[in-house]
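Please take a moment with the sequence and the model before reading on. The report below is meant for a reader meeting this structure for the first time.

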Amino acid sequence: MDKIESAQREADDVKAIMLENVKKEEERRENLSDLDQRAEHLQNGCKDLEKAVNPKKNRMMEYLRANKGLVIVVLASAIIIFAVVVAMLATQDIHGHGHPEVHGDLENP
């Protein structure tokens, strides 16, 4: 009978292990279901956020397009002012004085 009792104990151990594995599998399935629901919720939230952001993005692009002419005028003015300043600095002599004719510093010949 020892063999029968030993086999019965082994069968009970295997049964306990199998029941534990089934229990763990059910918990995993529930966890996966929860994760799936969370992922779906996040995905829906992302879609809502995208819908909310796109109109703002489109309005910003329209604003930039409408003011493109203004930006070009400002940049062109800045370039012209820079060129004038550089030209004025280039026409000064080495000592930092302007043209002698302008300042009345003509030397007598």
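What follows describes the overall fold, two annotated regions and a charged patch.

## Overall fold

This is a predicted model, and its protein chain contains three helices and zero strands. Read from the N terminus on, the elements of the chain therefore follow the order α-α-α, where a helix is a DSSP run of at least four residues.

Of the 109 residues in the protein chain, buried residues make up 1%. The accessible surface of the chain comes to about 10600 Å², and 62% of that surface belongs to carbon and sulfur atoms.

## Annotated regions

An unreviewed UniProt entry places a "coiled-coil region" at residues 15-52. Over residues 15-52 the model is 100% helix and 0% strand, with the end C-alpha atoms 55 Å apart.

The UniProt annotation "transmembrane region", likewise from an unreviewed entry, covers residues 69-90. Over residues 69-90 the chain is again 100% helix and 0% strand, and the C-alpha atoms at the two ends of residues 69-90 are 31 Å apart.

## A patch of negative charge

On the surface, a patch of negative charge is formed where Glu20, Glu26, Glu27, Glu30 and Asp34 gather. One of these residues, Asp34, lies in helix 1, which spans residues 2-66.

Is aspartate 34 buried or exposed? Aspartate 34 counts as partly exposed because its relative accessibility is 41%, a value to be read against limits of under 20% for buried and over 50% for exposed.

How values were computed
Residues are numbered from 1 along each chain as its sequence is written. This is a predicted model: local features need pLDDT of at least 70, side-chain atom pairs count only at pLDDT 80 or more; totals for chains, interfaces and linings use all residues. Side-chain values use heavy atoms; hydrogens and water are left out. Patches are made of residues with over 30% relative accessible area and no salt bridge: like charges are joined within 9 Å, nonpolar side chains (Val, Leu, Ile, Met, Phe, Trp, Tyr) within 5 Å. Accessible areas come from the Shrake-Rupley method with a 1.4 Å probe; for residues, only the protein chains shown count as cover. A salt bridge is a side-chain nitrogen of Lys or Arg within 4 Å of a carboxyl oxygen of Asp or Glu. Lys and Arg count as positive and Asp and Glu as negative; His and the chain ends are not counted. The place of a charge is taken as NZ of Lys, CZ of Arg, CG of Asp or CD of Glu. Buried means under 20% relative accessible area, exposed over 50%, partly exposed in between (1.4 Å probe, protein chains only). UniProt positions are given in the numbering used here, feature names are shortened, and annotations may be inferred rather than shown by experiment.
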